[in-house]
Every structure is written in C-alpha cells, then in structure tokens.
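Welcome! Here are a few short exercises to work through with the structure in view, each followed by a worked solution.

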Amino acid sequence: MAYQPKSYRKFVATAATATLVAGAIAPIASAASFTDVSAKYKEAVDFVVSKGANGLTSTTFGVGSDIKRVDAAVLLVNVLGLDIEKAPASGFTDVPARAAKHVNALKAAGITNGKSATKFDAESKITRGELALWIQKGFELKGEGNVTFTDVSDRYKEAVSALVANEITNGISATQFGTDKTAKRGDYAIFLQKAAAPVSPVSIASVSAINAKTIEVKFNKAVDTDKAQLELLRGTFKQNFTATWSEDKKSVQLAGATNFQAADYTVNITGLGKDVLTGTVKIEAQKVASIQILDEVAVVDKAVDANGVLPALTTATVGYVVKDQYGTDITKTTTLTTNDAANITAANGVVKLSSGLVVGKKVNDLVPVVLIDQATGTSAAKTVKLSAESTVSSIEVAGIYNAKGEAVALTDKSKANEAFIVLNLKDQYGKEITDAAKATGLVITNTNPTNLTIASSATKVKIGDKDKLVIALSAILKAGDTDVLLISTTNGQSAKYTVKVSETSTTDAISVSQPEIAVAGESTLIPLTVTDKEGNVITDKKLLADANKGIKVGNTTVSESELEVKDGQVYYKKSLSAGTQALVFQTSTYKVATITINVKAAAVPTVVRGVKNPLVISTAQNPVTITAKDHLIIEDQYGRVMKDSTAPVTVSLVGTSDVVSLTGNVVSPAKKGTATLQVALATQNGTIDSAVEVKVQVTDGTEYNGYEIAEIGKTKVATAKAIKVNGLLNGGKVALESGEYTATISGGKLASPQAVTGGSFTLADGALNTDSSSNKVDTEFTLTVTINATGKVLEQKFVVSAQAEKVQDFFFTSTAVNGDYNSAKAITEATLAAGSTVADLKTGETPVAVNVATVDQYGNKAVTAIVAETVTIVPEKVADVTISNNGTPAASVTLKNGVTESNVTLNIKIGNTTKELKVKVVTP
C-alpha cells in the first residue's frame, strides 16, 4: 500500500487516552475482556484497543453499535499516529475539548474539512461512505475505480474502489457497499486493522511436478483467477496445457495432454500485479521407482484331480503394480522380465504361471516369483502359494443404484447412505461373487476424498430383489468427478469407475432484515434473503444448512432446525438474551451481512382477555379447576397471546349464585343455569393486575346443541384406548360421563359388536384381519355411540394395528429420560468426546446427556435415550478427522494428530425419521 509520511505524521501512536465513545471506561487489555467479540472481530478489536479504543462497558465492546464522527476521528488519528500537538486549530466550534486536538490533526492532514467552515458535526453518526473517504485519504490508498456496487456515487467511487482493491472490505452484499448506512464499531475496527497492515502482494510459494504430466503452482494467498494469465515454457518453447484451479484459488495445476519431456520448465503468470510472477521446475524422465506383487497367493484356474494334484493346462495368476517416481501407476506401459522367462510372464498387471510350472503341483505348494525392470534395476520378489479358493478375477461396475434397484444420479444434495456403487464380480471359475468374504482380494482406491468418502471394502446389500456386493458411500462432500479404482490382488485385473456428483446451487449473496419482534428467551425469526451466483433466491433449508455450500452465523454452519420457511421467506430462528445483540451471517463465497437487534425483556403475563372457549360444565361431571393454561386467553406486555401460560389467576363470584359454588379456583356445578365469574391475573403479592368477567353455564345434559366423538387415531392391538364424547352447547364442550352414552365396536373379525365399558376399549389380537399368509394386517373398525338422553347415534372409523411402536418423529433435548415430553425443549447443538458414539452426546454449560423426545404412530410421547438405527457423520473439515463405522449405530469420529476440536453434522435415524444435530468433537 502506498503510505507516505507527512511532516506532521509520527510513526508511533500518540499517548492520547481519547476513546471511541465519549465517557467510556478506561482502556482494557484485549478483546478477550469483552463478551460480544466473536472470532471475526478479535484481531481488529485487539488492534484498536492498543490504539486507545475502549468498550461500551467493562464487558462489551459494542461491535454492532454505531459510531459518532468525533469518536471515529479520534481513533483514526491514533492509528495514523498524527501529531496532535503541532496541528493548527480547525476552526470547528462543535468539537468537545477531549477531541479538539485530534480533529485539528485530521483536518490538517487533509482527511476532512467538516460539514462547514465552523461545523464538524461531532455528535452525528458517521456513515460507511464517509469512513471510506477518511481511510482512503489517511492511508493514501489507490484503487482502480471499477467497483460494481449500485449505491456508490461518484463522490465515493475512488475511496470505495481503494478499500476493495486493498482487501479492506467487499461491501455488505454483492451489489451494495452500504454507503449511506451508519458505520458499526466492529466493522470500523476491521477497516482500521486491515488498512494499517500492509497488503502482501501475490507471490508464487512453490512450483512442483506432481506427476510426469502435471505441474502444480502454489501461491501465498488466494488469487483472482479471472485476471491470472498463465504461460508454460520449455526453454523458449511454449507448452500446451489445461489449467485447473483449486477451490480456494491458492493453487493451479497445469496438465499436459501427455507426459512432459524431461527438461527445465518455467511458469510465468501475469495480471496479478505490475510484476510477472515466475517459477521453475525440473521434470525428470519417467522411470520405474517401485514394483509390488499384490498378494501372497497365486490363484489357479482349475480344480485339483482325484489325486489332489493340478491337472493339465492349469495356470495360476497373481497381480502386480508398477509406479514411477511420482507415484503414478505405469503398470500397463512398463515391460518387466522375470526369474523364469519360459514359465513366468508379467504383462498389464498380471503375473502368469504357465501350466509347465503348475501342472502336477498341489494346492499350497510354493513358487518363487521375481519381477525385474532392466532399465533401472528395480525388482520385487515374493514366494507365492498356489490356491484354488474362489476369489475376484473379473471386475465390473454396474453403476450407482439405491436399495430399490433404481439408478441414481448423484448431486451434492443427495443422501450418501441411500446410494451404492454396485459391483459385478466373478471368480476364476466364472461364477458371480456375492459373499464379501470372498472379495477380500479387491483393492478399492478413492482418488478424490475431498469430493466423496467411500467404504474401503465391499459389503453385501440387497439391491432390488438380488444380493449384490457394493461399495457404500459414506459422505458426499461436494460436486465433482471422483475416480474409484478397483484392482484384484490375485490376477491384477482392474476397473476404473467415475462417480459423478453434479453441483446444485451454492449460497453467494445474503441480506438480513430486522425481525418483527425479538423477545428474550424466545425463538426470534430473523428474515434472510440468500441468493446463488445467478441471483436466484434460495429457500431450500438443506442447501442453506450444508457445511460447504450453505450459510454460517459467526463461524458455525446453521442447522436445518434453525431455519424456517414461510410463504417463500427464509427465517433464521435464534433464542437471544435481552439487550443489544449483533449477528454476523456469511455465505459459502464469504459474502457477509450483519445485523444488530434490540432484544426486549422476556415476556410476562400482563392482561387476561377472556376464555378460550365458552365455559360450560355439566351437573353430571366433577368440579372444574380454572387455570390460565386450560381456559384463559392471556396476553404479554407486547399484546401477544401467551400459549400455555402458567400465570397465577384468581377466581371469584360476581354477586351470589346457587348455580355454582366456588372454592379457590375450583368451580362446582349445583344446578342448571348460569353464573358470572371474575377471573383475574395476580402478582406474587396477590395484587390484581388485570381481570375479566366470564359467564359459566351449567347444563343437566338436556339442551346440548349437538355431540361429537373426539378423534381416536391409530390404535395398537391389545392396548386399552380411552374414548371421549363431548356435548356441544353455545360454542362450549362438555365431556360426557360414560354413563351418559352407550358405545360399541364393530368390524374386523368381531363376530358381534363389542361393548365399550367405562369409557375405554381393548381389541384382542384375534379381532384383526389377516393376509394370505395369516399375518395380522391393519384393520378398520367402527365406534358407534348412542346418546342416552336423545337417542342420537354417532360413528367414527379408526384403524387398529399389530405393528410394534415405531418412532414417527423426534427432536433432540436435554430433558432427562422419562421427563415430561410437553415441557421438553429442543436443542440443535451438542459436544462429543472424540472416539465416542452418540450415546455419549452432551449439551449445556454444565454438560448433561442428549436425549430424544419421540412420538410413535399411535401418538405415544416419551423422552428416551438415543437408540439410533443409523448414524451418518458429515465432517466440516475432512482433513481434521477420521470416521469409523459410518452409517451404523456405532459410528464414531476421532481427531487427527494436532487437532483439538472439529465440527461435524450427525444425521441420526430413529424409526422412520432422520434428524440433524450440529456437534463439536473435542479431545476426551
């Protein structure tokens, strides 16, 4: 960066103790002292604190708070090291004494002229555009003037271009710099830190040959691939190549159509700065570096005769592989000699022992084999054992299929555990192999584990209606082509299959809006607009929650459970603490959006508006206890109805009544008629805050407007099931006593209707219908209810099943096993000690076990320990972890050497449902 000193500029910070905000506390040591400084802001806050910046409080820096012009001026002068003692008076009359010398220096440096000759506008908020002007002038930054932001006028164009060119900011979105938006303290700290740190130019870190036809160039930082112009020279001769850039744009591979000639090569790169970047590499002539005989056995192609010896024309084979100095397989282009040229030949990866050597021998006899490359003298020797056991001889890949036998086209959104690489393997006798134990002689190599994670051995799976050997897919990490190589160790036969994963959308730009309301302790819905690289709005929660292509809050990928989509609008759900909260959102292309939310105090019951339903009770039923949760409409201080409120209420009679009697909140019916009650909210000291009068109607059952049977739902055989019959009166419901109606069950194999007694029934196993194999099947029955008082007949059909309970839905919770399902709260994040299974998941500051709140097909709810059917682990950084038993209940993840923690996503299947859980894997 072009930063030239001026006569009044010093190169050390002044001793001024001026602050970023007037009246703030004395400076403190570092960002670690503040609770609101995320990893994104840490280095920047440490930097400005070292230059005299203070926090808003002793524990908060206020990264999301606005900045006044005077405070921004003080810090910029401190960072630039301007001489505040020698600068002439600015002439501004509205600058507080604490900052007068700093504003004098800022004006003297030509960085600002204020709003007028006498007005600096010290107490106003400074905008991002104004800061761009100050920073560009203060640090004398240069730019190319080609910004694409739509909100940058000519006044700001040069300054904004300079900030972008010097990698200080990329704006608030792909099209908006936020010129007129007020600047935030955290963003200003980042601007200053980056502006003060010299921008290192792009340079070549290394040039190397990774094989005989590919040269790799690595850079010190990500480069603009659209500007980079590549040239490859052998001497003065230009070479043709295909360039492939890495995803992080920090390296590029130059691949020739064939092997490069042995020579010195020069790589020249222009377009990344004023200088040409140059690197050289020496490519050696390709040569044999290693030979490996792949197995301990040589497989014969005929069975032994009655005497236990191998018959005429029997041959045996064993595989081998040859690699060059770069580790490239050159087996098929290399000619080898052997220790017995007449009887042992080696070609195309197969060592063949002729019948002249094998005939007359027995199984398990030993034969020495030596392979030699005469050009280099490289050799391999092994004594192999003759074997007649069935083993892989012929390899073919049928394709990618699911368990139903349907061909699958993979995308980066496909579920890895629902697709398989299906193999057609045959042994030396031409028979198909479906026994995994007989396929142990198959070497499986994944050439691109950054795209795809696969199993290292074949397993047996039923594909359609046939048993097949397959290679399971453990995880689909990103789009791209991955070659899977398969080699038989016994005869060297090989196959290559390219797994193609097509790319779906990836998140690119993001904007965020204020929520309708944010209340402490509740899930706040924060509106997001996320678009892909073509500008299409993304509403797919799975894509938004993808570890590689989705969005992050802070440094953590969002989970699907944290997202909600209503009428095409995406919302991020977050429970926030009261006060000012700042959130930073980031897309997969590193575009950022920030928001500061004023979170209101937690909701408290404030007003009672009335009853949820007309209050009707029967002389035939027990007394009714009036509660806020069951009967009342309660609003909080923000005018919102509080669902399931547990607010304390008091109930009293208005006047006198012989229709009901009242004991506390318990209303007891006496006779047919109506009465008036006053229902009031009460504080802890008994003071009434809000009250409403409600009518209570007592019926003797003769004037109901109608009747209904409450929904029965699916019922399990041989299990008691209660029924509920309601009388309807003026919008209210009264549950009838079992003596007020007669009910029977009919259907299935019941010879005659079965009576319902005491308000519940149980259907025996023999009542269910059966299929042709005498298996019990789901059976429909009819409940018939006759109202005794009126003779009205009601019917409801329902299904009874013999199936065992199976989870239909669940969520993760910290509630203890056998706790109250209705009170259980969902969690989305947890921790797991490396090497442990999901049974050891923990959550919370004081760690407790992660359990699940489940609902089965019969509506039964419970909180239980996690008993997973499958667990699939998707790592955020593949290089950090090792995954074992993926796709099984025993799946676990360990950290590689030097890694202390890493983030993964667990896809846990229980019953018929799979849910995601974000997990931080830590050292035990």
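**Exercise 1.** Decide whether Asn730 is buried, partly exposed or exposed, and describe its backbone.

*Solution.* Keep in mind that this is a predicted model. Step one: the relative accessibility of Asn730 is 48%. Step two: buried means under 20% and exposed means over 50%, so Asn730 counts as partly exposed. Step three: find Asn730 in the loop between strand S45 (725-729) and strand S46 (732-735). Its phi is near 50 degrees, a positive value in a residue other than glycine.

**Exercise 2.** Find where Asn885 lies, and describe its phi.

*Solution.* Start at the loop between strand S59 (881-884) and strand S60 (892-895), which holds Asn885. Phi of Asn885 is positive, near 55 degrees, although the residue is not glycine. With a relative accessible area of 47%, Asn885 is partly exposed.

**Exercise 3.** Work out how helices H2 and H4 pack.

*Solution.* H2 (residues 69-80) and H4 (residues 128-138) have axes 11 Å apart, at an angle of about 20 degrees. Angles under 35 degrees count as roughly parallel, so H2 is roughly parallel to H4. The crossing is right-handed. H2 brings Arg69, Ala72, Ala73, Leu76 and Leu80 to the contact, while H4 brings Glu130, Leu131, Trp134 and Gly138. By type, these residues are 6 nonpolar, 1 polar and 2 charged.

**Exercise 4.** Which strands stand at the edges of the 5-stranded open sheet?

*Solution.* Write down the order, S43-S51-S50-S47-S48, with mixed pairing. S43 (715-716) and S48 (754-756) are at the edges; each has a single partner strand, so one side of each lacks a neighbour in the sheet. Elsewhere in the sheet, S47 (residues 741-747) and S50 (residues 779-787) pair in the antiparallel sense over 7 bridges.

Methods
Residues numbered from 1 in each chain as written. Predicted model: local features only at pLDDT ≥ 70, side-chain atom pairs only at ≥ 80, totals over all residues. Heavy atoms only, no water. Pairing = 2+ DSSP bridges. Helix = DSSP H or I, 4+ residues; strand = E, 2+ residues; numbered from the N terminus. Axes fitted to C-alpha atoms, helices over the stretch in contact; angles between N-to-C directions. Parallel < 35°, antiparallel > 145°, perpendicular 65-115°, else oblique. Left-handed = near helix turned anticlockwise from the far one by under 90°. Contact = heavy atoms within 4.5 Å. Nonpolar A, V, L, I, M, F, W, Y, C, P; charged D, E, K, R; others polar. Buried < 20%, exposed > 50% of the residue type's maximum accessible area, 1.4 Å probe, protein only.
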